[in-house]
Amino acid sequence: MSLTITVAQRKGGAGKTTLACQLAAALSEDGFRVAGVDCDPQGSFSLWGARRASVKRDIDIVDAQTDARFSLGTSLWGLKKRADIIIIDTPPSADRSVRNSIEAADIVLAPLQLSRLDLDAILPTAELVGEIGREVLFVVNRAPARSRVGDQIRGEIEHQSLPLAGAELGNRTAFIESIAAGLGVVETSPRSAAASEIRKLAGEIMTLCGDQKAGQDDRRERTPV
């Protein structure tokens, strides 16, 4: 059975597509069969997938926006037959396509930068995910060096009991350079701090999802027939 990860955040520029690309490459490196669905009209996830296909054909990304043959539902139906993990990239909005993408997810990743604007913008996403009843993990992206403002935002996230990933992605050019090549930083700079960060995040996500599945299986065993 495949795992579906949706990357969502209402604010533009939070780094959703960067996170989707880097996570796809990191999970593929771990031996998972990875696929993606691009629900953003901008199509950046699909463009990365096309560049990647010229280098290595291991991650199939379907454009659910520009290709009339595909919708989110039909895309997932086809990909689940041949992928262990499906990553959905969404537009910076709260439209129906984002809601559908969250409903289809096993877990939602919400990237945010350490700014007041990002924190304000992430709260409606958190409310929507909670309303739909999905698990969400907030991921600090483009994290600067430690600062008073950054620590304050982290503290507010924790104060509001929002699940925050222990792994943070720094503001590193290695992430940008690898995407330009259609690759992930684990491939272009495997021993870098950036590669270490995305591997740590990937491991954290898989551990969290594994614990959730174990809990669901345990509840099924305890439920009388």
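**Figure 1. Helix 4 against helix 5.** Helix 4 (residues 96-103) packs against helix 5 (residues 116-132) at an angle of about 50°, and their axes are 10 Å apart. That angle makes helix 4 oblique to helix 5. The crossing of helix 4 past helix 5 is right-handed. This view comes from a predicted model. To find the contact, look for Arg99, Ile102 and Glu103 on helix 4, which meet Leu128, Val129, Glu131 and Ile132 on helix 5. Sorted by class, the contact between helix 4 and helix 5 holds four nonpolar and three charged residues, with no polar ones.

**Figure 2. The open sheet of six strands.** Here six strands line up in the order 3-2-4-1-5-6, with parallel pairing. Strand 3 (60-63) and strand 6 (135-140) are the edge strands; each has a single partner strand, so one side of each has no neighbour in the sheet. On average, and ignoring direction, neighbouring strands of the sheet are turned by 20° against each other.

**Figure 3. A closer look at strand 2 and strand 3.** Strand 2 (residues 34-38) pairs with strand 3 in the parallel sense, over four bridges. If you would like one bridge to start from, pick Gly36: its bridge partner in strand 3 is Ile61.

**Figure 4. Helices lying on the sheet.** Helix 1 (residues 16-29) lies across strand 1 (3-7), strand 2, strand 4 (85-89) and strand 5 (107-112). Relative to strand 4, helix 1 runs at about 170°. Helix 5 also packs on the sheet, where it touches strand 5 and strand 6. The direction of helix 5 makes about 170° with that of strand 5.

**Figure 5. Helix 1 meets helix 7.** Helix 1 appears again here, now packed with helix 7 (residues 173-180) at an angle of about 75°, the two axes being 11 Å apart. This makes helix 1 roughly perpendicular to helix 7. Helix 1 brings Thr18, Cys21 and Gln22 to the contact, and helix 7 brings Phe175, Ser178 and Ile179. By class, the contact between helix 1 and helix 7 has three nonpolar and three polar residues, and no charged ones.

**Figure 6. Stepping back to the protein chain.** To place the close-ups, it helps to know that the protein chain has nine helices and six strands. Its C-alpha trace spans about 50 × 45 × 35 Å along the principal axes. The radius of gyration is 17 Å, which agrees with the value near 17 Å that a compact globule of 225 residues would have.

Conventions
Residues numbered from 1 in each chain as written. Predicted model: local features only at pLDDT ≥ 70, side-chain atom pairs only at ≥ 80, totals over all residues. Heavy atoms only, no water. Axes fitted to C-alpha atoms, helices over the stretch in contact; angles between N-to-C directions. Helix = DSSP H or I, 4+ residues; strand = E, 2+ residues; numbered from the N terminus. Parallel < 35°, antiparallel > 145°, perpendicular 65-115°, else oblique. Left-handed = near helix turned anticlockwise from the far one by under 90°. Contact = heavy atoms within 4.5 Å. Nonpolar A, V, L, I, M, F, W, Y, C, P; charged D, E, K, R; others polar. Pairing = 2+ DSSP bridges. Rg over C-alpha atoms; globule rule 2.2 N^0.38 Å.
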